[in-house]
Amino acid sequence: MVYKVLIPQDIAKEGKDFLLERGYEIRMGSGATEEDLVRDVEDCDAILLRTAPVTRAVLEAGKKLQIVARHGAGYNNVDLEAAAERGIWVTNAPDSTTNSVAEFTMGAIIAAAKRTFLLNKSLKENNFFFKNQHKGVDLIGKTLAVMGFGRIGRAVAKKAFYGFDMKIIAYDPFVKPETVPEYVTMVDWEKAFGAADFVSLHMPLTRENKGSVGAKEFGLMKSTAFFINCARGEVVDEAELVKAVQEEKIAGAFTDVFSQEPPSMDNPLLTLDNVSVTPHMASNTEECMRLMATQAASQIDLVLSGQQPTWPVNKPVGKQNK
């Protein structure tokens, strides 16, 4: 029997080679919409998923599905409840993005602090001396609040502390105290926003935290502080972020993610001088893409060969009728 793996959006060659070498048949998807997946998944045993939506309708159409393996750490584009009901594993690749996103986040912090995006734009507009009215700030001695102290948050804290001599505070209600490095001080939500010179978001998107960073949080921040989001756009109330920047409640922001992606071209975040933007690319490196592809493929191989996945994010409660 040859198992079929649906790949709705292309992945690194190494991930496909991993599957082909083990005898799997790869079916490249015809598109990345719900309708495309419903049409393509019918006789597939697994989905190797990037950003396409795996809804209840997709899962019900995949009558042979045993696993949806996410290409990366996040999994908010999968209906976990529906998958569990149908006995389908959902996995992720939690270690794959850690260093790449942490490096990108440090670059975002530096870009915000030194105003490199704004100064780059002004120089290309023949305004060399724009720099005189738009000075940057140094990172040494500044306080970084890491909001979410998981793998990426910890990596950012380590790089910021050892590489830039920043003071580190962090918020995470689920962290075990004995796992916190001595250079990190855990604080509550309000203290993190209020005490930081830079607030860096590293929380996954959940039903509970959607839009949780809003007017209250930006109101707590120093007027000289910067907000960095290389996590999930929907955790932030974008309208309130725009307002905070426009009203100079905060010094500026760097966001790699948006509540709607791609963002609408009339989104004010794309035009504000004190906001730097990138197109959800923190993990978009050659090395990370290879790692995400092979780690996701490895989970498919484990499940289709009758084993337990290494990185499950749901608990299947029953097997579907074949």
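**Exercise 1. Determine how much space the largest cavity holds and which residues and elements line it.**

*Solution.* The largest cavity encloses about 100 Å³ of space. The term cavity denotes, on a 1 Å grid over the protein atoms alone, a set of points where a 1.4 Å probe fits but cannot get out; lining residues have an atom within 4 Å of a point. Grid points are joined across faces, edges and corners, and a volume is the space filled by probe spheres set on the points. The model is predicted: local features need pLDDT of at least 70 and side-chain atom pairs count only at pLDDT 80 or more, while totals for chains, interfaces and linings use all residues. Residues are numbered from 1 along each chain as its sequence is written, and side-chain values use heavy atoms, with hydrogens and water left out.

Next, the lining of the largest cavity comprises 13 residues, and A112, R115, D273, N274 and S276 are those nearest its centre. Two or more lining residues come from each of helix 5, helix 6 (116–124), strand 11 (252–255) and strand 12 (275–277). Helices (H or I, at least four residues) and strands (E, at least two) are DSSP runs, numbered from the N terminus.

**Exercise 2. Identify the partners of strand 1 and the state of its two faces.**

*Solution.* Begin with the pairing, for which DSSP must find at least two bridges between two strands. Strand 1 (residues 4–7) pairs in the parallel sense with strand 2 (residues 25–28) over 4 bridges, where K4 has E25 as its bridge partner. Strand 3 (residues 46–49) also runs parallel to strand 1, joined to it by 2 bridges; here L6 is partnered by I47.

Then examine the faces. K4 and L6 on one side, and V5 and I7 on the other, are all buried, that is, under 20% relative accessible area (1.4 Å probe, protein chains only).

**Exercise 3. Test whether the length of helix 7 agrees with its residue count, and locate its packing partners.**

*Solution.* The expected span is 1.5 Å times one less than the number of residues. Helix 7 (residues 151–164) has 14 residues and should therefore span 20 Å; its end C-alpha atoms lie 19 Å apart, which agrees.

The buried residues of helix 7 are G153, A155, V156, A157 and A160. These buried residues pack against helix 5 (98–114), strand 6 (143–147), strand 7 (167–171) and strand 8 (184–186), contact meaning heavy atoms within 4.5 Å. After helix 7 comes D165, with a positive phi near 60°.

Notes
Buried means under 20% relative accessible area, exposed over 50%, partly exposed in between (1.4 Å probe, protein chains only). On a 1 Å grid over the protein atoms alone, a cavity is a set of points where a 1.4 Å probe fits but cannot get out, and a pocket is an open set with protein on both sides within 12 Å along at least five of seven lines; lining residues have an atom within 4 Å of a point.
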